[in-house]
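Subject: Structure handover

Hello,

Here is the structure I promised to pass on. Please open it alongside the notes that follow.

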Amino acid sequence: MPHLALYTFGVLKSPLVDPAPLTREFYDSGEAVYRKISQHPGYLARAEAADGDRGMLFEADWGAWGEFAVPTWYGKGRTVETTALAATLSLWTDLRPAFDAVYTGLHREALNRRYDWFERTGHPNYVCWWVSDGAIPTWRDGVSRLEHLHDHGSVPHAFTFHHSFAPNGTPTRIKGIGPKSDQVH
């Protein structure tokens, strides 16, 4: 049975090492959010650095998740001192559990504060796609799908919760997820 891959990407207003209260608040809240999401029904796994070092993104060993990558439009730093981004890559059993984890609880509280921490870039900040059972998506897969979503909109190759597709490529709607109209696009 296919699994849902979810890649998120945001450009922070300041580098992660910035000691300013808002940056610290974002960084410090991340651990509680990750812990809660990892306990959510339907959660399978997320990319974590093999050495456990969250401070290094570009130089870290991500194991089967591949080399860390970012969209071409990310123009901020790539060193521990200058990196100003937050990215996640995770696997889920289906759309509904992933949607519920993102839009409820601690993660929802964090989403409500996103403009305190993140720049508005004009690019999508997440993308979903289906992977075959046993497959591990890579950071490069996530970047490619996010850029595809930006360039082409939601299609079976790269989509959002609100304009989603079933594993067979047909448009799907799950109660509470999708366009506000009754039409399936």
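Gly10 stands opposite Ala86, a residue of β3. Keep in mind that this is a predicted model. The two strands β1 and β3 pair in the antiparallel sense, over 8 bridges. β3 also pairs with β2, again antiparallel, over 3 bridges. Two residue pairs show where to look. Arg46 has Ser90 in β3 as its bridge partner. Ala45 is matched with Leu91 in β3.

The sheet

Put together, the strands make an open sheet of 4, in the order β2-β3-β1-β4, with antiparallel pairing. β2 and β4 are the edge strands, as each pairs on one side only. From one strand to the next, the twist averages 25 degrees. Helix α5 packs on this sheet and touches β1, β3 and β4. The direction of α5 makes about 115 degrees with that of β4.

How enclosed is β3? Of its 8 residues, 7 are buried, so β3 is largely enclosed by the rest of the structure.

The cores

In soluble globular proteins, nonpolar side chains tend to be buried together. Here the largest nonpolar core has 34 residues. Those with the most contacts inside it are Tyr7, Phe9, Trp62, Phe68, Tyr74, Leu85 and Trp139. The elements giving two or more residues to this core are β1 (3-11), β3, β4 (126-131) and α5 (139-152). β3 gives the most, with 5 residues. There is also a second, separate core of 18 residues. Val33, Ile37, Val102 and Phe159 are among its members.

His3 and Thr93

These two are worth viewing together. His3 is in strand β1. Its relative accessible area is 16%, which is under the 20% limit, so His3 counts as buried. Beyond residues up to four places away in sequence, His3 touches Leu44, Leu91, Trp92, Thr93, Trp129, Trp130, Val131, Asp133 and Gly134.

Thr93 is in the loop between β3 (85-92) and α2 (95-102). With a relative accessible area of 32%, Thr93 is partly exposed. Leaving aside neighbours within four places in sequence, Thr93 is in contact with Pro2, His3, Gly42, Leu44 and Trp130. Ala69 is 24 residues from Thr93 along the chain, and their C-alpha atoms are separated by 24 Å.

Salt bridges

The count comes to 7 salt bridges. Here are some of them.

- Glu67 and Arg140: their side chains meet in a salt bridge, 3.5 Å from N to O. Glu67 lies in the loop between β2 (43-46) and β3, and Arg140 in helix α5, so the pair ties together parts that are 73 residues apart in sequence. Glu67 counts as exposed at 52% relative accessibility. Arg140 counts as partly exposed at 49%.

- Lys76 and Glu119: the closest N and O atoms of this salt bridge are 2.5 Å apart. Lys76 is in the loop between β2 and β3, while Glu119 is in the loop between α4 (114-117) and β4, so the pair ties together parts that are 43 residues apart in sequence. Lys76 is partly exposed, at 28% relative accessibility. Glu119 is partly exposed too, at 34%.

- Asp100 and Arg96: the closest N and O atoms of this salt bridge are 3.1 Å apart. Both residues lie in helix α2, 4 residues apart, about one turn of the helix. Asp100 is partly exposed at 23% relative accessibility. Arg96 is partly exposed at 28%.

- Glu25, Arg113 and Asp116: a network of salt bridges links these residues.

Where to start

Which strand gives the most to the largest core? That is β3, with 5 residues. I would display β3 with its antiparallel partners β1 and β2. Then add α5, which packs on the sheet. Last, bring in the salt bridge between Glu67 and Arg140, since it ties the loop between β2 and β3 to helix α5.

Best wishes

Methods:
Residues numbered from 1 in each chain as written. Predicted model: local features only at pLDDT ≥ 70, side-chain atom pairs only at ≥ 80, totals over all residues. Heavy atoms only, no water. Buried < 20%, exposed > 50% of the residue type's maximum accessible area, 1.4 Å probe, protein only. Contact = heavy atoms within 4.5 Å. Core = buried A, V, L, I, M, F, W, Y, C linked by side-chain atoms within 4.5 Å. Salt bridge = Lys/Arg side-chain N within 4 Å of Asp/Glu carboxyl O. Pairing = 2+ DSSP bridges. Axes fitted to C-alpha atoms, helices over the stretch in contact; angles between N-to-C directions.
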